[in-house]
Amino acid sequence: MMAKRITGALLIASLVTGLQVHTSRAQETDEGALLLTFGVITSVRAHSNLDLDPSDPGETYRSDTELTFGLLSETRRQRLELSVGTILRAEDTPTGVSSNEGFVDPSFDIEYVREGARSELSFSANYRERD
């Protein structure tokens, strides 16, 4: 019964915060601009037999909240773009045990480009971890 109450409270809290929040702040200068972005996206799902077991163990309820942050700094000659993100996951499984909760699926992206009179330097790196 306690698990059903937690699931119900989780469902209500997720629906209330389920609106996408996206804010940005741009700071203009003579040389360029700085843009910061923040994102929050929440979803709630109910799965029947999530692990595809022959004996259907019951329903799994999952709430995912995606958190993202981005930074863009751009001038006439250079550009730096950085983004990081993760998912905060809560689960209620039929067995009561979940190895898939907490912060999951981290990501990181960076790109740097600098242009000279007759040259260009660029660098980029990406990291993703998916379950």
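**Surface, fold and one aromatic pair**

The protein chain exposes about 9500 Å², and carbon and sulfur atoms supply 56% of that area. The structure looked at here is a predicted model. Turning from the outside to the inside, buried residues make up 21% of the 131 residues in the protein chain.

As for the fold, the protein chain comes out with one helix and six strands. Read from the N terminus on, the elements go α-β-β-β-β-β-β, so the helix leads and the strands follow. Contacts add another piece to the picture: among those in the protein chain with a separation of 6 or more, 44% are accounted for by residues 24 or more positions apart.

Now for the aromatic rings. The count comes to one aromatic pair. It is made by Phe 38 and Phe 69, whose ring centres sit 5.2 Å apart. Their planes meet at 50°, which falls between the 30 and 60 degree cut-offs, so the pair is called tilted. Where do the two residues lie? Phe 38 belongs to strand β2, which covers residues 32-48, while Phe 69 belongs to strand β3, covering residues 59-75. The pair therefore ties together parts of the chain that are 31 residues apart in sequence.

How covered up are these two rings' residues, buried or exposed, or somewhere in between? Phe 38 has a relative accessibility of 40%, so it counts as partly exposed. Phe 69 has a relative accessible area of 28% and is partly exposed too. Both values land in the range between 20% and 50%, which is why neither residue gets the label buried or exposed.

Note on methods:
Residues are numbered from 1 along each chain as its sequence is written. This is a predicted model: local features need pLDDT of at least 70, side-chain atom pairs count only at pLDDT 80 or more; totals for chains, interfaces and linings use all residues. Side-chain values use heavy atoms; hydrogens and water are left out. Rings of Phe, Tyr and Trp (its six-membered ring) pair if their centres lie within 6.5 Å; planes under 30 degrees apart count as stacked, over 60 as edge-to-face and the rest as tilted. Helices (H or I, at least four residues) and strands (E, at least two) are DSSP runs, numbered from the N terminus. Buried means under 20% relative accessible area, exposed over 50%, partly exposed in between (1.4 Å probe, protein chains only). Contact means heavy atoms within 4.5 Å. Accessible areas come from the Shrake-Rupley method with a 1.4 Å probe; for residues, only the protein chains shown count as cover.
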